[in-house]
Amino acid sequence: MRYLPLTPDDRAAMLAAIGVRSIDDLFEDVPAAARLKDTVDLPDHMTELEVERALSKLAGKNVPAGSVPFFVGAGAYRHHIPSTVDHLIQRSEFLTAYTPYQPEISQGTLQTLFEFQTQVAMLTGMGVANASMYDGSTACAEAVLMAARVTRRKKAVLAGSLHPHYAAVARTTAKYQDIEFAASKPDLDGLSGLKELIDGETACVVVQTPDVFGRLHDLGEIAAAAHEKGALLIAVFTEPVAFGLVKNPGEMGADIAVGEGQSIGVGLNFGGPYVGLFACKDDRAFIRNMPGRLAGETVDADGRRGYVLTLSTREQHIRREKATSNICTNSGLCALAFTIHMTLLGEAGLTRLARLNHEAACALQDRLAGVPGVKPATGAFFNEFTLRLPKPAAGVVDALAARGVLGGVPASRLYPGAGLDDLLIVAATETNTEADMAAFETALREVLR
Amino acid sequence: MSLNTQGRPTRPEVSADPGAYADTFSGSRGLDQAEPLIFERASFGNTGVDLPEPKGAKTRLGGLERENALGLPGLTEPEAMRHYVRLSRKNYAIDLGLYPLGSCTMKHNPRLNEKIARLPGFAELHPLQPDSTTQGALELIDRLAHWLRTLTNMPAVAMSPGAGAHGELCGLMAIRAALEARGDARKRVLVPESAHGTNPATAAMCGYGVDSIPANAEGRVDLAALKAKLGPDVAALMLTNPNTCGLFERDIIEVAQAVHAAGAFFYCDGANFNAIVGRVRPGDLGIDAMHINLHKTFSTPHGGGGPGSGPVVFSAALAPFVPLPYVVHEADGYRLVEQAEGAARPFGRLKGFHGQMGMFIRALAYMMSHGADGLRQVAEDAVLNANYILASLKDVLSPAFAGPCMHEALFDDRFLKDTGVTTLDFAKAMIDEGYHPMTMYFPLVVHGALLIEPTETESKDALDEFIGTLRHLAERAKAGDRERFLAAPSLAPRRRLDETAAARKPVLRWRPAPPASAAAE
Amino acid sequence: MTIRYSKDHEWIRVEGDEGVVGITAYAAGQLGDVVFVELPEIGKQVRAGDEAAVVESVKAASEVYAPVSGEVVAVNDALEAAPQTVNESPTGDGWFIRIRLADKGELDALMDEAAYKKMIEG
């Protein structure tokens, strides 16, 4: 077997050195009843070529984003990733390193994490950021738990237009922490009904912008309403490219900003792995209540600048049942991809990228709004918007797929039974060409005819 | 106060004589090149990405245009390449040498897996595409689920958890849901003292009180103490097997019976499944739920801290409570179930979308490469390598418990008694010898623990070199060469770092220097 | 002036109806460099054995227990900015809290210096 270096002679010599007769002797602590005599009922080993052939066949049964006009978003976005990113994250020293617990020989990972934290803080307009969470949804759930610890309150108010997966993950994760949830309706009327849910028991208000329908919200008013009651504002995002062009959470008064970093450097990957971004105010009480790892700056014995993981007493490996979270493994390599892509973009590139995304979305909306029966249902948006269709969107999406166009996400897939069946959520990015948009328009005309 | 008995210095003595590390003009030391932060190197207006000129059309942003600069620096492609390649060279990695971190399973990461995960048919799939366009991806998830169920002899699996700790939460939430479904509110979870910190942290997240179970003199769960703690308010036992001392829990079947007799569930932390895969099926031991770290046993790369993937296998009693989403195979193909249906009673959703697909692909490529026969060999070679290390070092280090061990060998610090050298010093000296240290000071049940996990992908030659180095170091420590250890490492990109200062006055991000006018005020 | 010790390595110096509480030099040494101290609110009622404060080093976090029952009447705020004081002067400037004793009889259950020394050397 190509991954196993020991030869039969090695094994014999090693068993002799240990002083046992056979490998079975080393498994003597396993109860006899549980020792498998034979191999399990699965195929035997395969050559590299055979594995590649078998799995390529599975890959071939899918329709990848790059092969068709593609407009799917709702929490994950297709962007072009510079080739440098994938080359660098495959450097052995990044790819095959463990968590940087030995800082003397992990400065590469630690410095990139410190740079990542700084970039995330700058992008979100917040004071500090951690070294990543699993994804945006779990970052959001952890933010709710953190807000409850900081405020010592037990109620979370969710905007109805928060991505339903995020809302579900928050409710599930906080299920046994005695946290009560209130949520406004998932409608298209701005943030209506949200302020009314905030009271003196509220730990946090969770609002997404751009929201799951693509709409942009000015969080200033809701931030003021939350702060007036002593609650924190958690700003959620699933499209970080937006902050190249629009106000970020810090600028709008958020206390905690969490979201999905996938758009920058990570790719679609059928939903994971992604990278959860987690940032908050630079406030001692906040930082001590943050989940996850933090890289910090210090000096070594020779006085040279270096980086370490710090404030670890918040974490499970030290604090055990009193830790701020149980998270251990995070999303390190995806954070590296994010930080490399962001470094390549710089503010100049990010701003331009954001503008191109917005222009693509505007152009696409204009095209599709010209299709009979189709009505734009969002006001201000970034690179994603919602259309009201003359028939249920789920069937339309399937019919579009049959015509070779992946034309968005039906709102009913995210909100089944909520009366939103005629809504279609459509995203456009810099990857969409005029021809893609024309193909989408033509296919939509045919499907709605 | 609760006394810390494993104190160790976190602030290095400032070295009086940098010696071989005398300053150069550039700050670089040969191939170890100094590299500033991007914020110090980059030009603010630069970019390494060429994008077309925007048309300058009127925006529809509702007046929410950003007004302030973000401050993000940019690097051109050659500058970025050099920045990250230079930084990469300051890292140790499994591709550079033996990485004996106990409990972490740092094994070779095959590049075939990377290649397959990057096929456009997998990498360029959006999680919300219609199922009709992702049949191959859903089939892959279903096939991996089949492998995991078969290897564990467990009837159900939840695929979505993002890593081991997330899997633990998934397992305990299913247990709590099952208990609530039978109207049985229980309050406590039993966790051995030797457990990973994630176990008690997870139990607390799930709303349970945590009761510690002591270890016996043989490094295993004290069965009598366990039975004494079991009662009608115990929801579950969380047990790592093989345990964090690297030992198989001999009484595990009796443990399972006792747990079940008390009406509780048996959660197994599967972090160490690598030791028994293909030779022992957890389902045959009476386990109700177990997470599997795909980034340990099934070789998906650790990536400097993640991503991982932590699917959880379940017994029949817990199967109905598996969280959303999951894949079903029907007459007309594979379907993703995202809302509760039929008799299933999912406890909720733990993650956006469907799980760590990129890790699923790598893990399945690894499993298919090994096959049923190769996976059994994985466990055997992992255990053989660890026992070879234990046998080869038992006369110079001090084994914590009598062997044989499973996939990792545990030593305590008795061999350093009266040398003035601590476990930390010993580990740091390994860095100068070109090795990543083993896991230190864990598990907590052993004083000054050194936990060595070689994995099955080390050759006998590599082990012999490692053993030789450790024997030399142990001899030097005993011979009174204390200074060598206290000064270590002196040949790494950095010497010991001041963790005390980092924690007392945290600097968690770069900030621009204040403008000169402000400084003058 | 009486100083008493708990088996959990707290000391209490009795001053009239009040007691000043800290952790012993031995405990501070075992903990390593102290980097953070969390103190209770003034006015908090504690019972003997309750968690009254938290003290952290880089690699460990420990609860400081109240050696006796009573009301917290003062806390050593200076430790928040200068946690190293716990290492530098554990029985002096590194004190944690001042408690108004609810029951002086509880002091009898604590050790004197000789007994504490014997325990840690045990």
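Two exercises on interfaces in a predicted model follow.

**Exercise 1.** Describe how domain 1 and domain 2 of chain B meet.

*Solution.*
Step 1. Locate the parts: domain 1 of chain B covers 113-367, and domain 2 covers 372-497. Their C-alpha centres are 30 Å apart.
Step 2. Count the residues in contact: domain 1 of chain B gives 26 residues and domain 2 of chain B gives 21 residues.
Step 3. Take the buried area: the two domains of chain B bury about 1900 Å² between them, with 64% of it on carbon and sulfur atoms.
Step 4. Look for charged pairs. The count between these domains is one salt bridge. Arg279(B) and Glu380(B) form a salt bridge with their closest N and O atoms 2.7 Å apart; this is within the 4 Å cut-off.
Step 5. Add the polar contacts: six residue pairs are found across this interface.
Step 6. Sort the side of domain 1 of chain B that touches domain 2 by class: 14 residues are nonpolar, nine polar and three charged.

**Exercise 2.** Describe how chain B meets chain A.

*Solution.*
Step 1. Count the residues: 215 of chain B are in contact with 194 of chain A.
Step 2. Take the buried area: about 17500 Å² is buried between chain B and chain A, 62% of it on carbon and sulfur atoms.
Step 3. Count the salt bridges between the chains: there are 16. Glu40(B) and Arg305(A) form a salt bridge, at 2.8 Å from N to O.
Step 4. Find the main contributor: H10(B) supplies 24 residues, the largest share of the side of chain B that touches chain A.
Step 5. Sort that side of chain B by class: 108 residues are nonpolar, 59 polar and 48 charged.

How values were computed:
Residues numbered from 1 in each chain as written. Chains lettered and ligands numbered in written order. Predicted model: local features only at pLDDT ≥ 70, side-chain atom pairs only at ≥ 80, totals over all residues. Heavy atoms only, no water. Domains from an automatic or database assignment. Contact = heavy atoms within 4.5 Å. Buried area = accessible area lost by both parts, 1.4 Å probe. Salt bridge = Lys/Arg side-chain N within 4 Å of Asp/Glu carboxyl O. Polar contact = N/O pair within 3.5 Å; in protein donor to acceptor, adjacent residues only side chain to side chain. Nonpolar A, V, L, I, M, F, W, Y, C, P; charged D, E, K, R; others polar. Helix = DSSP H or I, 4+ residues; strand = E, 2+ residues; numbered from the N terminus.
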